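Me: I have a structure here and would like to talk it through with you, one question at a time. Could you help me read it?

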Amino acid sequence: MQCHDPNEKPVNQKAEIFANGFWHNNTIFAQLLGMCPLLGVTTSAENGFWMGAATLLALICSNLTVSLIRGAIPANVRIPAYITIIAAFVSMIEMSMNAWMHEMYLILGLFIPLIVVNCAILGRAEAFASKNTPINSLVDALAMGLGFTFALVLLGGVRELLGQGEVFGFDIFGADYPDVLMFILPPGAFIALGFILAGVNIINRNMEARKDKQAAMLANMQTKDVNTVEIQS
Amino acid sequence: MKIDREQWHMIIALLVVGVVCTLLLATTNIFTKAPIAQAERQALMDALMQVLPEHHNDPISDTRDITIDSDKKPTRFYFSRNEDNTINTIAWQVTAPDGYNGSIHILMAVHPDGSINAIRVTDHKETPGLGDGITKNHPWLDSFDNKSLNNARWAVKKDGGDFDQFTGATITPRAVVKAVKKGLEMFTKIKSKLLKKTQQQTEAQHAMP
């Protein structure tokens, strides 16, 4: 059998880091981190997207920097050093948004400076970037950030669709749709998130089942091979 | 107490991180200062265009600064004029210090008789989806139009007034209503001074060839 088993031998380390960050270890779906911006700003898909983009940028900058200086920071003071770095990048992003994306800056308001305390960012700096090469840290930041953005846009889209009948400002359900205010309000965020998490769990279970099936088939074929050999001999 | 090598390492590492981050922030500040001012000016201009009626002058440059509270910065009044140069509306910014999340900045435009032409919120940090109705809820914003101190009860409905609160957010509209009311009261006090001097100023400007 020349067939590769993806579980045993990673085809590509970077692809694995990416898949892990985007899906298997997704900030929202798997780790349930960063709930504050997730529930706070996702009243529309657009807000979710820009919040995710700002977080993605902060994550890339902090992961890359932390990875580059990982040898130079003594373990005892690494947390204050990381927080200072993250806070500096987030402030730079905040100032830039204020300057060049003034309207979105006004909408996201307080949640932009709050990226500093998004534990997902410090978490990646501590758990990944401080132990890995800059390139791998960059891939990890990209995957984690895109996964986070994906979750925010998904939740924002669902809430906007149910709450206002629109997605990204485009009318979906028509003018007669009775807006369900609850989905725009905070309880709607929790309820929608619950259903999304349930959906993610179903997908994961199906993926697992398929993998088990493949493994079983593979094992079956191997035994057959052995049987054939035995018969021939 | 003696600082050993390891401790020096920590001190220097944190110091370097701090200094580099500060330099980065200072640089960003230098580069974003002008665009931020420009963006704010643009936002003010857009907001002014929304609150002012048709006018035949440039309200951004037709202004007067008056100190109302001696320990605060002077308030800038923007004038909107008819074709015959009479003032039809005066706009200025008020601040509601008691929003749900910090101050709310409101641009209000008032006719010389003390009735409101329109109001708009220019800056706030209220909760998205709840308190930020003060920027998005146009029927609510329009409910201020033509109201004056004499023809409205200046409170939200929950407090026995004429203005709606939002579902899940009372504090935000309450702060806005209060700030606009205070703005109107202030206007009544300084009205004669504001209008008289401005008319004179205009006459003086016209007298000049």
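Me: Let's start with a cysteine. Is Cys119(A) buried, partly exposed or exposed?

Reply: Happy to help, and please keep in mind that this is a predicted model. Buried would call for under 20% relative accessible area and exposed for over 50%. Cys119(A) has a relative accessible area of 41%, so the cysteine is partly exposed.

Me: Thanks! How many disulfides does the structure hold over all chains?

Reply: A disulfide needs two cysteine sulfur atoms within 2.5 Å. For Cys119(A), the nearest cysteine sulfur is that of Cys36(A), 9.5 Å away, and Cys119(A) is in no disulfide. Over all chains, the number of disulfides is 0.

Me: What about Cys21(B): which cysteine has the closest sulfur to that of Cys21(B)?

Reply: Cys21(B) has 9% relative accessibility, so this cysteine counts as buried. Its sulfur is 11 Å from the closest cysteine sulfur, which is too far for a bond. That closest sulfur belongs to Cys61(A).

Me: Let's move to the interface. How much area do chain B and chain A bury between them?

Reply: The contact involves 28 residues of chain B and 29 residues of chain A. Of the area buried between the two chains, 76% is on carbon and sulfur atoms. The buried area comes to about 2400 Å².

Me: Which element gives the largest share of the side of chain B that touches chain A?

Reply: Across this interface the rule finds 0 salt bridges, and the count of residue pairs in polar contact is 1, with both residues at pLDDT 80 or more. On the side of chain B, the elements giving two or more residues are helix H1 (5-51) and strand E5 (116-123). The largest share, 19 residues, comes from H1(B).

Me: Now the strands of chain B. Which residue of E3(B) is the bridge partner of Phe79(B)?

Reply: Strand E2 (residues 75-81) and strand E3 (residues 87-99) of chain B pair in the antiparallel sense over 5 bridges. They form a hairpin with 5 residues between the strands, and Asn85(B) takes a positive phi near 75° there. Within this pairing, the partner of Phe79(B) is Ile90(B).

Me: And on to the next strand: which residue in E4(B) stands opposite Ala96(B)?

Reply: E3(B) is joined to strand E4 (residues 102-110) of chain B by 8 bridges, and the two run antiparallel. These two strands form a hairpin with 2 residues between them. Opposite Ala96(B) in E4(B) stands Ile104(B).

Me: I'm curious about a glycine. Is Gly114(B) buried or exposed?

Reply: Gly114(B) lies in the loop between E4 and E5 of chain B. Leaving aside neighbours within four places in sequence, Gly114(B) is in contact with Lys147(B), Ser148(B), Leu184(B) and Phe187(B). At 13% relative accessibility, Gly114(B) counts as buried.

Me: How far apart in space are Gly114(B) and Asp132(B), C-alpha to C-alpha?

Reply: In sequence, Gly114(B) and Asp132(B) are 18 residues apart. In space, the C-alpha to C-alpha distance between Gly114(B) and Asp132(B) is 27 Å.

Me: Let's turn to charges. With which residue does Asp62(B) form a salt bridge?

Reply: A search of the whole structure finds 9 salt bridges over all chains. In the one formed by Asp62(B), the closest N and O atoms are 2.6 Å apart. Asp62(B) is buried at 19% relative accessible area, and its partner is buried at 3%. That partner is Arg81(B).

Me: How many residues apart in sequence are the parts that this pair ties together?

Reply: Asp62(B) sits in the loop between H1 and strand E1 (63-66) of chain B, while Arg81(B) is in strand E2 of chain B. The pair therefore ties together parts whose separation in sequence is 19 residues.

Me: Which residue meets Asp162(B) in a salt bridge?

Reply: The N to O distance in this salt bridge is 2.8 Å. Asp162(B) is partly exposed at 26% relative accessible area, whereas its partner is exposed at 51%. The partner is Arg153(B).

Me: One last pair: in which element does Arg174(B), the salt-bridge partner of Asp159(B), lie?

Reply: The closest N and O atoms of Asp159(B) and Arg174(B) are 2.8 Å apart. Asp159(B) is partly exposed at 41%, and Arg174(B) counts as partly exposed at 34%. Asp159(B) is in the loop between helix H3 (138-142) and helix H4 (171-207) of chain B, so the pair ties together parts 15 residues apart in sequence. Arg174(B) lies in helix H4 of chain B.

Definitions and conventions
Residues numbered from 1 in each chain as written. Chains lettered and ligands numbered in written order. Predicted model: local features only at pLDDT ≥ 70, side-chain atom pairs only at ≥ 80, totals over all residues. Heavy atoms only, no water. Pairing = 2+ DSSP bridges. Helix = DSSP H or I, 4+ residues; strand = E, 2+ residues; numbered from the N terminus. Buried < 20%, exposed > 50% of the residue type's maximum accessible area, 1.4 Å probe, protein only. Contact = heavy atoms within 4.5 Å. Buried area = accessible area lost by both parts, 1.4 Å probe. Salt bridge = Lys/Arg side-chain N within 4 Å of Asp/Glu carboxyl O. Polar contact = N/O pair within 3.5 Å; in protein donor to acceptor, adjacent residues only side chain to side chain.
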